[in-house]
Amino acid sequence: GNVALTSDITGVSELLKVEKDLVVDLNGHTLAFTPQSGYPGIKNTATLEIKNSGNTGGITSTQAGIQNNGKLIVNCDITSVENAINNVYDGETTINGGSFKNTSDEHALINSNNYENGTPVLTINGGTFESVFTNVSYNNYSTGAVNGGTFTCTGGWHNIYVGGENGGCNVTYDASKCSFTSNGVKIQVNDWGVGNTNTVNNTSYSSTTNLLN
C-alpha cells in the first residue's frame, strides 16, 4: 500500500524486505539504516516506489542503500557507504531524480549487474550523482539508458562504465542532457581484455574504448 513517514526513523539494523507492492513517501524525513556488513538497508523483490514530498530528508545507510531484485522507482536522496542502489538479476530500476552519494573507493554509486542470471534494466532520467568510484556501472547483460543528470566522479574512475566480465550490455546515453565531470574517464566501454561485446548508443564495441574523456 502507501506509507508516509511522520518522523525520522534511525538506527534500523535489520534488513527491510519489501515483498509486496509499496509506495513510500519520506515526507521530509530521514530513513537511516545501519545494516550488518555486506547487506543493504532495503531489499526489494516487489514493486517499490520511494519519493519525498518534503524539502529535507532521505535515505542513509552505513553499508549499501537499496538492493533491487524487482521493480524500483526512485525520486529521493540516498547517501550510503557502498552502492546507493544495487540493481541485480532481473531488477528494473528507474531513477527520476534525487541526490545520490557514497564514500566507498571500490563500489560504484549506482550498480547494475546480472551476477550470471538475468538481464537487469537501469534507467536514469535525472538526479545528481557524486562518488569517489564510478558513478554508474552497467555490467554483464545490463541494459538501460542515461537520459539526464549531473554526474561527478571525484576519483580517477568513470561517470558511466559499460562492460563487466561477460559483457553483453546495451546502453544509451544523451550527453546533451547530462553533465559529466571526472578525474578519470567520463564514459568508457570495457571488454575486460577478452573481446566481450557491448553496445553503446547503437554501436557495438569489442575492445575497451573511451567514448568521452
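Student: Two strands pair if DSSP finds at least two bridges between them, so how many bridges join E2 to strand E5?

Tutor: There are 2 bridges between E2 and strand E5, which covers residues 30-33, and the two run parallel. Strands here are DSSP runs of E, at least two residues long, numbered from the N terminus. Bear in mind that this is a predicted model, where local features need pLDDT of at least 70, side-chain atom pairs count only at pLDDT 80 or more, and totals for chains, interfaces and linings use all residues. Residues are numbered from 1 along each chain as its sequence is written, and side-chain values use heavy atoms, without hydrogens or water.

Student: Got it. What stands opposite Val12?

Tutor: Phe33, over in E5.

Student: And which sheet do they sit in, in what order?

Tutor: An open sheet of 8 strands with parallel pairing. Reading across, the order goes E2-E5-E8-E11-E14-E17-E20-E23.

Student: Why is one side of E2 and of E23 left without a neighbour in the sheet?

Tutor: Strand E2 (9-12) and strand E23 (178-182) stand at the edges, and each has a single partner strand, so one side of each has no neighbour in the sheet.

Student: Switching strands: how do E16 and E19 pair?

Tutor: E16 takes in residues 121-124 and E19 residues 143-146, and they pair in the parallel sense over 4 bridges. Within that pairing, Leu122 stands opposite Gly144 of E19.

Student: Which strand is E19 joined to by another 4 bridges?

Tutor: Strand E22, residues 170-173, and those two run parallel. On that side Val146 stands opposite Tyr173 of E22.

Student: OK, pockets. Which residues lie nearest the centre of the largest pocket?

Tutor: Asn111, Phe133, Ser137, Asn139 and Tyr161, out of 17 lining residues. A pocket is an open set of points on a 1 Å grid over the protein atoms alone where a 1.4 Å probe fits, with protein on both sides within 12 Å along at least five of seven lines; lining residues have an atom within 4 Å of a point.

Student: Which strands each supply at least two residues of that lining?

Tutor: For the largest pocket, that's strand E15 (110-113), strand E18 (136-139) and strand E21 (158-163).

Student: What about the second largest pocket, which strands each supply at least two residues there?

Tutor: Strand E3 (16-18), strand E4 (22-25) and strand E7 (47-51).

Student: And which residues line the second largest pocket?

Tutor: Val3, Leu5, Ile9, Leu16, Val18, Leu22, Val24, Leu31, Ile42, Leu48, Ile50 and Ile59.

Key: Two strands pair if DSSP finds at least two bridges between them.
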